[in-house]
Number of protein chains: 2
Amino acid sequence: MDPMAELLLYMADRAQHIREVVTPRLESGQLVLCDRYYDATLVYQGYARGIDIEIIQSLHRMILEDLKPHITILLDLEPQIGLDRAWKEIDSGTRTGRETRFEKEALRFHEKVRAGYLTLAQHEPHRFHVVNASQSERQVRESIISILDAKIIA
Amino acid sequence: MDPMAELLLYMADRAQHIREVVTPRLESGQLVLCDRYYDATLVYQGYARGIDIEIIQSLHRMILEDLKPHITILLDLEPQIGLDRAWKEIDSGTRTGRETRFEKEALRFHEKVRAGYLTLAQHEPHRFHVVNASQSERQVRESIISILDAKIIA
């Protein structure tokens with residue numbers, strides 16, 4: 001697929017998701033939790049696929065209407081360990097989605113993805129919270145809870 | 001559907017179409033004929049759906065890489081006559097596509113579409129050639145041939 005076509009499909013999906021799901025819930029006072037949002041687009045289509053970051057940011061300005069997350073949790077992990085975990089889920093059939101387009105990319109691609117995320121985290125240290133995802137599930141969960149406790153309950 | 005999502009889907013389709021179909025043929029010296037191109041997006045999503053023309057133009061700059069048609073033929077017709085013709089085709093099953101999203105829009109929508117196209121034609125009189133589509137099929141065909149004769153053979 002053409003990288004710009006892929007980017008525009010993600011943006012179409014995001015525009016519809018914001019309009020249909022996110023905005024109505026925020027307006028009714030609910031808390032919205034997203035698994036991936038525009039940081040993922042900057043990283044996968046920008047840092048990793050090589051599309052100009054300026055183009056992606058200007059697309060985001062068109063669709064987001066200043067809708068930025070208050071808290072972003074980055075689960076950080078060596079790409080090889082992440083891929084091993086992903087393929088284990090895929091092979092055992094425990095993963096719900098059937099899409100493996102990104103898992104099939106070379107390790108170099110996933111290293112660019114990780115470096116991209118860490119760059120974003122450095123640029124916005126107040127929004128980003130990096131959690132070491134090589135820990136056990138329980139430890140990862142506890143790290144996340146303590147971040148949310150400090151940010152939301154405080 | 002969210003109008004921005006619809007716009008972005010058209011843009012994704014266009015980016016893929018340019019990369020896969022149009023550019024390779026132009027590079028091999030062939031002549032490319034498109035039924036609708038970016039003028040349609042400016043008119044349907046911009047003039048008719050109300051998305052900022054600037055947004056659409058900046059998306060086009062991202063994907064088009066200066067790829068503009070040399071000749072654009074606008075088949076101009078009273079919207080009501082055009083709709084009557086379209087529904088006759090749809091009802092009799094002679095139309096290939098099954099999409100009737102635009103045909104179901106109110107007459108006012110189609111009037112905006114027509115006015116949008118005529119505005120574009122006024123802005124670029126060297127590229128646009130307006131053909132009166134209320135003529136018979138034979139007359140319309142002859143009008144188009146004489147435009148192409150003058151532009152291509154000359």
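**Close-up views of chains A and B**

**View 1. Lys68(B) is partly exposed, with a relative accessibility of 45%.** Please keep in mind that everything shown here belongs to a predicted model. The side chain of Lys68(B) forms a salt bridge with that of Glu124(B), with 3.1 Å from N to O. Lys68(B) sits in the loop between α3 and β1 (72–76) of chain B, while Glu124(B) sits in the loop between α5 (107–123) and β2 (128–132), so this pair ties together parts that lie 56 residues apart in sequence. The partner, Glu124(B), is also partly exposed, at 25% relative accessibility.

**View 2. A salt bridge joins the side chains of Arg114(B) and Glu78(B).** The N to O distance in this pair is 3.7 Å. Here too, distant parts of the chain are linked: Arg114(B) belongs to helix α5 of chain B, Glu78(B) to the loop between β1 and α4 (79–92), and 36 residues separate them. Arg114(B) has a relative accessible area of 24%, which makes this arginine partly exposed. Glu78(B) is partly exposed as well, with a value of 46%.

**View 3. Within helix α5 of chain B, Arg108(B) and Glu111(B) are three residues apart, so about one helical turn separates them.** Their side chains meet in a salt bridge at 4.0 Å, N to O. How exposed are the two partners? Arg108(B) counts as exposed, at 52% relative accessibility, whereas Glu111(B), at 35%, counts as partly exposed.

**View 4. In chain A, salt bridges that share partners build one network from Asp39(A), Lys68(A), Glu124(A) and Arg127(A).** For the wider picture, the structure holds 18 salt bridges over all chains.

**View 5. Chain A and chain B meet through 17 residues from each chain.** About 1,400 Å² is buried between the two chains, and carbon and sulfur atoms account for 74% of that area. On the chain B side, three residues stand out: Asp2(B), Leu8(B) and Met62(B) provide 38% of the area that chain B buries against chain A, more than any other three residues.

**View 6. Two salt bridges are counted between chain B and chain A.** One of them brings together the side chains of Asp2(B) and Arg19(A), at 2.9 Å from N to O. Four residue pairs are in polar contact across this interface. Which helices of chain B supply at least two residues each to the side that touches chain A? They are α1 (3–27) and α3 (53–64). The biggest giver is α1(B), with 10 residues on that side. Sorted by class, the side of chain B that touches chain A has 13 nonpolar, two polar and two charged residues.

**View 7. Cys34 is shown in both chains, and a search of the whole structure finds zero disulfides.** A disulfide is a covalent bond between the sulfur atoms of two cysteines. Are these cysteines buried or exposed? Cys34(A) is partly exposed, at 31% relative accessible area. Cys34(B) falls into the partly exposed class too, with 32%.

Conventions
Residues numbered from 1 in each chain as written. Chains lettered and ligands numbered in written order. Predicted model: local features only at pLDDT ≥ 70, side-chain atom pairs only at ≥ 80, totals over all residues. Heavy atoms only, no water. Disulfide = S-S within 2.5 Å. Buried < 20%, exposed > 50% of the residue type's maximum accessible area, 1.4 Å probe, protein only. Contact = heavy atoms within 4.5 Å. Buried area = accessible area lost by both parts, 1.4 Å probe. Polar contact = N/O pair within 3.5 Å; in protein donor to acceptor, adjacent residues only side chain to side chain. Helix = DSSP H or I, 4+ residues; strand = E, 2+ residues; numbered from the N terminus. Nonpolar A, V, L, I, M, F, W, Y, C, P; charged D, E, K, R; others polar.
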